[in-house]
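Trainee: I have a chain open and want to talk it through. Can we start with one residue and work outwards?

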Amino acid sequence: MQSEPLLFIAGPPIFTKTKETAYNSYEESTSVYTKPFTPSRDLTPIKQQLQFLDSPFQRHVYRPLTFRLTDGSELLGVVDSLFEDHVVVRLESDTEDSELVEVHLGDLEKIVWQGKVFKV
């Protein structure tokens, strides 16, 4: 079986002129570089608490949690998922639709459960 073009248009061939440019001594980079996350304080205790609270059983037992942020605000909810530099919090609500909020670990001051600072 021979390969034939799907669409053939009878007409003269088309030629285009290209302009030659001088080679620049620099190369433009199109890659995106993100600066690695470097916390200003030790986040090991908070990260250990979040890893403990990330399992399904602890999500159910330790409900609701209060996440106090460094700017003074508070979020009431449970840990939905944990990543290297941030945590996703599922906010408690009266309706079935719950809102997900991403909190960077550096912005998290402490975790409170039943009015006391949560400790693992």
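**From one glutamine to the sheet**

Mentor: Leaving aside residues up to four places away in sequence, Q58 touches F52 and L53. Keep in mind that this is a predicted model.

Trainee: Which element does Q58 lie in?

Mentor: Q58 is part of helix α2, residues 56-61.

Trainee: Buried or exposed, and why?

Mentor: Q58 counts as buried because its relative accessibility is 15%, and buried means under 20%.

Trainee: And L53, what does that touch?

Mentor: Not counting residues up to four places away in sequence, L53 touches Q58, R59, Y62, L65, V79, I111 and F118. L53 is also one of the residues that touch the most other members of the largest nonpolar core, which has 19 residues. The others are L50, F67, V87, V103, L108 and I111.

Trainee: Which elements give two or more residues to this core?

Mentor: Those are α1, β1, β2, β3 and β5. As a general point, nonpolar side chains in soluble globular proteins tend to be buried together.

Trainee: Switching to the sheet. What is the strand order?

Mentor: The order is β4-β3-β2-β1-β5-β6, six strands in an open sheet with antiparallel pairing. At the edges are β4 (100-104) and β6 (116-117), each of which pairs on one side only.

Trainee: Where does α1 pack?

Mentor: Helix α1, residues 44-53, packs on the sheet and touches β1 (65-69), β2 (74-82), β3 (86-91) and β5. The direction of α1 makes about 45° with that of β5.

Trainee: How many bridges join β5 to β6?

Mentor: Two bridges join them, and β5 covers residues 108-113. K116 in β6 is the bridge partner of W113.

Trainee: W113 has other company, I think. What does R63 touch?

Mentor: R63 touches V78, E92 and W113, again not counting residues up to four places away in sequence. R63 sits in the loop between α2 and β1. At 41% relative accessibility, R63 counts as partly exposed.

Trainee: What separates the C-alpha atoms of R63 and G77?

Mentor: 7.2 Å, for two residues that are 14 residues apart along the chain.

Trainee: Last topic, confidence. What does the chain average?

Mentor: The protein chain averages a pLDDT of 80, and 80% of the residues score at least 70. Among the elements, β1 has the highest mean pLDDT, 91, and β6 the lowest, 85. Where pLDDT is low, the predicted coordinates should not be read in detail.

Definitions and conventions: Residues are numbered from 1 along each chain as its sequence is written. Side-chain values use heavy atoms; hydrogens and water are left out. Two strands pair if DSSP finds at least two bridges between them. Helices (H or I, at least four residues) and strands (E, at least two) are DSSP runs, numbered from the N terminus. Contact means heavy atoms within 4.5 Å. Axes are lines fitted to C-alpha atoms, for helices over the stretch in contact, and angles run from 0 to 180 degrees between N-to-C directions. A nonpolar core is a set of buried Ala, Val, Leu, Ile, Met, Phe, Trp, Tyr and Cys residues joined through side-chain atoms within 4.5 Å. Buried means under 20% relative accessible area, exposed over 50%, partly exposed in between (1.4 Å probe, protein chains only). pLDDT is the predictor's confidence in each residue, from 0 to 100.
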